[in-house]
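Reader: Walk me through this one, please. I'd like to hear how each term is earned.

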Amino acid sequence: MPHPAIEAVTERIRQRSARSRGEYLALIDHEADKGLRRGRLSCGNLAHGFAAALEDKPAIRAGIAPNIGIVTAYNDMLSAHQPYGRYPEQIKLFAREAGGTAQVAGGVPAMCDGVTQGQSGMELSLLSRDTIALATSVALSHAMFEGAALLGICDKIVPGLLIAALRFGHLPSLFIPGGPMPSGLPNKEKAAVRQRYADGKADVAELLDAEAASYHSPGTCTFYGTANSNQMFLEMMGLQLPGSSFVNPGTPERNAFTRAAVHQLVANTGDPAKALGRILDERSIVNAIVGLLATGGSTNHAIHLPAIARAAGILIDWQDFDDLSRVVPLLAHVYPGGSADVNAFHTAGGMGFIIAELLGAGLAHADIATIAGPFSDWAAPGPSRDPSVLAPVSAPFLAEGGLRLLTGNLGRAIIKTSAIPADRWVITAPAFVVDDQDAVLKAFKDGLLDRDVIVVVRFQGPRANGMPELHKLTPTLGLLQDRGHRVALVTDGRMSGASGKVPAAIHCVPEAHAEGPLSRLVDGDILHLDAHAGTLTTDADLASRRPATPPDQAMGLGRELFRLMRANSPDAEAGACSILE
C-alpha cells in the first residue's frame with residue numbers, strides 16, 4: 001500500500017485536476033475516435049506521405065502495418081544527442097522486424113546548456129522547451145503515424161517532446177535514450193579547477209584542459225543534472241524501457257535497448273490502453289516527483305513537471321513537492337550531491353534499485369500503467385552494489401528529499417537541499433542586489449563580496465528575459481563560502497541542475513518583472529533564508545517602496561523573436577509555459 005502522504009498528495013492533485021483532466025481525456029478520446037488519421041487522408045495527402053518511403057512504400061500505401069513517426073532532436077554539437085544520428089536508420093530496420101514501418105516525422109532544436117551557460121544565448125534555453133513542443137506538434141500533425149518514437153535526452157528537449165506528445169495523447173509514444181558518455185575527469189575535480197580559476201589560481205589553458213577531460217565524447221554529461229534527471233523521471237513514469245537510461249552509447253547493450261523499444265512501440269500501437277495520455281496520470285506525476293526527491297535531481301523539474309502535468313490536464317504546485325519531500329528519503333549520492341557520477345549510479349544498481357526501494361516502502365505507486373508490463377516488474381530488488389552511491393530506505397543519506405518550498409514576504413521559491421552542507425541550511429545576511437549576473441562577478445573582482453552576503457539577482461524570471469540559468473555564479477559563490485562567509489543566492493531565475501553547493505532560493509514568484517517582492521529590495525536589506533523552517537523573508541518594509549524599473553529587453557541572438565512567449569508566460573510554479581496558457 002502507498003504511504004499515507006503519497007496517497008494524500010495524489011488525491012489532492014486528482015481533486016484539483018478533476019475538471020481539466022476530464023477535458024483532456026475527452027480531447028484524446030475524440031482524437032482517437034473521430035480525429036484525423038492515416039486512413040482518413042485523401043489520396044493526394046497519402047501519396048505525398050509515402051512518396052519517399054522507398055522499400056516501406058507498399059506497406060504504408062496499403063495501410064497494412066503500423067507506421068511509427070520518429071521525432072528526433074539530433075545534432076552533432078550536443079554530445080548527448082550525437083548518437084542519435086543513425087537512430088532513424090536503425091529504427092526503420094527494427095520496425096520492419098516487428099511488422100511495422102517508420103518515418104522521420106520531423107526534427108526539433110536541441111540547445112546545449114553547456115555551450116550557452118553564462119552567455120546571452122542562455123536566455124533562449126527555457127523558451128526552447130516550448131519551441132520544441134511546437135515543432136513536435138507540427139511533426140505529428142501530418143496524421144501519418146500510429147505511434148511516436150521520441151528521441152531526446154537533454155534539459156529542455158525531453159519536457160518539450162513530452163508536452164507535445166501528450167497533446168497527441170491518443171497515440172502510443174515512448175522515449176528512446178542515447179546514454180551517458182563514459183566517465184572522464186571526475187566532476188569534483190573539474191569543479192575545483194573552475195573555483196581555482198575564479199580565484200585567479202588557474203589559467204585558461206588549465207581550465208580548458210579540465211573541461212575537455214570531463215566533457216570528452218558522445219553521450220550525456222555524467223553529472224546528475226537536468227538531462228540525467230529527465231532519464232530518471234521517464235523511467236519513474238513508465239515511459240522509457242526499464243534499465244535503459246544510463247547505458248553508454250555505441251555498445252551492444254545500448255543497441256539492444258533501442259531494438260527492444262521499437263519492437264515494444266510497434267506492439268503498443270494495437271492497444272488503446274497504451275495511448276500516452278492514458279498511461280500518464282496523476283500517479284505517474286507523483287512517481288516522477290518522488291524519484292526526483294529520492295535521487296537529489298535537478299531543480300529545473302520544479303518547472304518542467306508542472307508544465308508536463310498541465311499538458312495532460314493535471315495541476316500540481318510546489319506544495320506537492322514539499323509535502324512529498326518530507327517523507328521521501330534521499331537514496332542517491334551523485335554529483336553535485338556526492339562525488340559519484342551517473343555511470344557509478346548505474347553500476348551501483350541504478351533505477352532498478354531506486355524503484356525497488358521506493359515501491360518496497362510504499363513511496364511510489366506500483367499500479368501505474370507503463371509502456372511495457374507492470375511497473376513492479378521494473379524493480380530490481382537487492383542490496384546496493386556501492387553503498388557510497390546508493391542507499392536503502394532503511395539507511396538513507398538524508399531522511400528527507402532534496403527539494404524544499406520556501407515562503408515568506410519575499411514570495412515563494414524552491415531550494416535544493418540535497419547538496420547543501422548541514423551548517424548552511426540557515427543563512428541571515430545583508431542583501432547585495434543586482435539585475436544581472438555579470439554584475440555579481442564584477443563586484444567579486446572589485447572585492448565587494450568578501451563578506452557574509454545574500455546575493456539577489458532579479459529580473460531573471462520568464463517574463464523578464466526567459467529565465468536563464470545562473471550556474472556561472474556557482475564557482476564565485478562557492479569560493480566565498482569556502483572562505484568561511486555565510487553566503488546564499490536569491491533569484492527569480494534558475495540554477496543549473498549541476499548546482500547545489502551554495503544555498504540558493506530560486507524560481508522566486510512573483511518574479512521581479514511582475515513587481516514581485518524582489519523588485520523592492522535594496523542593498524543592505526537583511527534577508528533570512530531558513531531551509532529547515534521553509535521560510536524566505538526580509539526585515540525591510542517592502543510595502544513602502546516602489547518596484548524597481550525592469551531593464552530593457554535585450555536584442556540579438558534572436559532573443560527579440562521570443563517576445564510573445566515571454567510576455568505570455570505564467571510564473572515558474574505553473575511551469576512557465578506560454579503555449580499552455
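Reader: Which helices do the buried residues of H2 pack against?

Author: Helix H8 (157–167), helix H13 (276–279), helix H14 (282–295) and helix H15 (301–311). Contact here means heavy atoms within 4.5 Å. A caveat: this is a predicted model, where local features need pLDDT of at least 70, side-chain atom pairs need 80 or more, and totals for chains, interfaces and linings use all residues. Numbering runs from 1 along each chain as its sequence is written, and side-chain values use heavy atoms, without hydrogens or water.

Reader: What makes residues of H2 buried or exposed?

Author: Relative accessible area with a 1.4 Å probe, protein chains only: under 20% is buried, over 50% exposed. Arg21, Tyr24, Leu25 and Ile28 are the buried residues of H2. Seen down the H2 axis, they fall within an arc of 95° (directions from the axis to the C-beta atoms), so they line one face of the helix. On the other side of H2, Arg19 and Lys34 are exposed.

Reader: How do you know that the span of H2 agrees with what's expected?

Author: The rule is 1.5 Å times one less than the number of residues. H2 has 17 residues, so it should span 24 Å, and its end C-alpha atoms are 24 Å apart, which agrees.

Reader: Which helix gives the most to the lining of the second largest pocket?

Author: Helix H2 (residues 18–34), with four residues. Of the 25 residues lining that pocket, the closest to its centre are Glu31, Ala32, Arg37, His170 and Leu171. A lining residue has an atom within 4 Å of a pocket point; a pocket is an open set on a 1 Å grid where a 1.4 Å probe fits, with protein on both sides within 12 Å along at least five of seven lines.

Methods:
Helices (H or I, at least four residues) and strands (E, at least two) are DSSP runs, numbered from the N terminus.
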